[in-house]
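Got your viewer open? Load the model, set it to cartoon, and keep the selection box handy.

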Amino acid sequence: MDEVWEPHAPAAGALRPLSADGLDLRAGGTATVRPVAEGVLEVTAESDGETRVEWRVPCADATAFWTPEPRGTGWLPAAWSAPRGISLAKGAPVAALVGTGDVALCAFAADRTDVLAGAGVVEENGEFRFWAQATGRLTVRIDTSRRHFAGCLADLAGWWGEGRTAHVPEAARRPAYSTWYTLQQNVTPQAVETQAALGKALGLDTIIVDDGWMTRDRARGYAHCGDWEPLSLPDTAAHVGRVHDLGVRYLLWYALPFIGKESAAWDRLGRYALADAAHMGAVVADPRYPAVREHLTDRLARAVEEWGMDGLKIDFIDWFAVPDPPAPGPEADCATVDEGVELLLAAVHRRITAAQPEAMTEHRQPYTSPGLWPWTTMIRATDCPLSPQENRQRTLDLRLVAGPVAVHSDMLMWHPAEPPEQIACHLINVLFAVPQISVDLAAQSQEQREALAFWLGVVREHLATLQLGELRPARPDLGYPMVTATGDGTVAVARYAPLPVRAGDGPWHTLLVANADDDPEVRLPGLRGRAEVTVQDARGRIVRSDTADLAGDDVVTVPRGGLLTLRRTRG
């Protein structure tokens, strides 16, 4: 194995070759290899210090390198590129090299949440090199079975799930409204209740109130975080009760790590700083200290215990992932920051679920570690306002390795002049996630409301297929121009480019084709038999309804933002 220049990575130390069915595999310390399935093996290595597992595959017919991080999928990095530093608070220990036909040339995951992972093309010989490194004992599962990359990643997520518990309430998979892009910090009880009522009528079952509720300052920044007093939501419990009377659940936002320099908590907790976020007007509090964890747990739990909220939106957990944290002081009871983060999130989870067993907790990309599954119910794509393709790619990347956790889109917003067809396309781009909406619903035109209500209805009606079915995104190198989900006797296809829809002849009874492309001519090669055909436009209005004999080469006109529904009547 040739040496690779690693200007951004620690030295690997001595690695010895391992026998692995033709895989060019090496490891440090004491290492063993265990076959798991055809083309799948586990490597366990252990040493007193840093332990590395490294392997290479031919970079032949490769099209994309996949990771679950924002903008993490697409190009093939060089082997000398900086590795990914993964911790409980940031990232997930998984990646895949994808080839032609969307097969995984090699996919891998580590059993630990605190690893350093490198991958890239070896310039000298055209191989693709992977490595993972941690202190002590490390197990890596490597999949070279050349199955569809989504199936390989789902299996790796299933491996993570062995022994981990996660309860996801049904409500976590229902469309939600967020106040952030709509209200920014201008939060009032009346504004929240107005949007909750309008949203419920359109199919939005939860409202998430974001920044601004805990301060009267409207200058942005986080200098007032830490006290978490509902200054902009007076008589909070009564306000929450009015939202509940609408049939809407209520989540409240917290920037968990920040102790603001203008907060009352600053004098007591400002000295427990993990890092200074001066440009934010705050410090990142160090969760290794019991005083920090107790304060934050009490502050967050109030929302559910005292005010009757249905859960929390916990933001900025990734800020705990400080590259070089200071040494813990004598009052700390944890050696590592990850230990403190886990104790903090576990304490918050215990408190809120004791008060409300179906309490929900939202996390956000990039804190996507499987180690966080016990403490969360949904993961949201990181911010990408008015970027439908980016929202699509981020939600799909998350879906592939989220295991049992519900995946939410970044909040959908649009210009007041947006046509209903484009609003429909925003929703189609996140069709395989839980849509969050953040526009002023009172300002929407009748046509805009119709498009929103129609597609939210599709999401709710076909939730089992869209969110829980077998997911097959196509062409990660092109940003997933077509995505298919199969389940519950239904095949759902979202089309983002003028591509033919190949549903196959499996045992499905309903085919849904959501068209987000400007080309209305949807080609259906290979489909045969008699079927009921319904075509709806972006607002849900029926533009075609009849029965057709499919001949294997049919073309159906589906307007942009519209939906084709085929129901088989016979084969």
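What follows is a walk through a sheet, a helix pair, a hairpin and a few backbone oddities.

Before you click anything, note that this is a predicted model, where local features need pLDDT of at least 70, side-chain atom pairs count only at pLDDT 80 or more, and totals for chains, interfaces and linings use all residues. Residues are numbered from 1 along each chain as its sequence is written, and side-chain values use heavy atoms, with hydrogens and water left out.

**Stop 1: the sheet.** Color the strands of the open eight-stranded sheet, which run in the order β20-β19-β18-β17-β13-β12-β11-β21 with parallel pairing. Strands here are DSSP E runs of at least two residues, helices are H or I runs of at least four, and both are numbered from the N terminus; two strands pair if DSSP finds at least two bridges between them. Select 406-408 (β20) and 436-437 (β21): these are the edge strands, each with a single partner, so one side of each has no neighbour in the sheet.

Now zoom in on β13 (249-255) and β17 (311-315), a parallel pair joined by five bridges. Within that pair, Y254 sits opposite I314 of β17. Add 290-305 and you get helix α6, which packs on the sheet, touches β13 and β17, and points at about 150 degrees to β17. Contact means heavy atoms within 4.5 Å; axes are lines fitted to C-alpha atoms (for helices, over the stretch in contact), and angles between N-to-C directions run from 0 to 180 degrees.

**Stop 2: T206.** Select T206, which lies in strand β12. Is T206 buried or exposed? T206 is buried, at 3% relative accessible area; the scheme is buried under 20%, exposed over 50%, partly exposed in between, with a 1.4 Å probe and protein chains only. Show what T206 touches beyond four places in sequence: the contacts include Y177, R249, L251 and M360.

**Stop 3: two helices.** Select 189-202 (α3) and 236-245 (α4), whose axes come within 10 Å and cross at roughly 15 degrees. That makes α3 roughly parallel to α4, given that the label covers angles under 35 degrees (over 145 is roughly antiparallel, 65 to 115 roughly perpendicular, the rest oblique). Turn on sticks for P189, V192, E193 and A196 in α3, which meet H239, R242 and V243 in α4. The residues of this contact split into four nonpolar, one polar and two charged.

**Stop 4: the hairpin.** Move to β15 (273-277) and β16, an antiparallel pair with four bridges. Four residues lie between these two strands, and G281 has a positive phi near 75 degrees. On the other pairing, β14 (258-260) runs antiparallel to β16 (282-285) over three bridges. Center on V284 in β16: F258 stands opposite V284, and A275 has V284 as its bridge partner.

**Stop 5: backbone oddities.** Most residues other than glycine have a negative phi, and most peptide bonds are trans. Three places to check against that:

- Q184, in the loop between α2 (180-183) and α3, has a positive phi near 50 degrees and is partly exposed at 25% relative accessibility.
- D235, in the loop between β12 and α4, has a positive phi of about 50 degrees and counts as exposed at 58%.
- Q365 and P366 are joined by a cis peptide bond, with omega about 15 degrees; look for P366 in the loop between β18 (360-364) and β19 (378-380).

Note on methods: Ala, Val, Leu, Ile, Met, Phe, Trp, Tyr, Cys and Pro count as nonpolar, Asp, Glu, Lys and Arg as charged, and the others, Gly among them, as polar.
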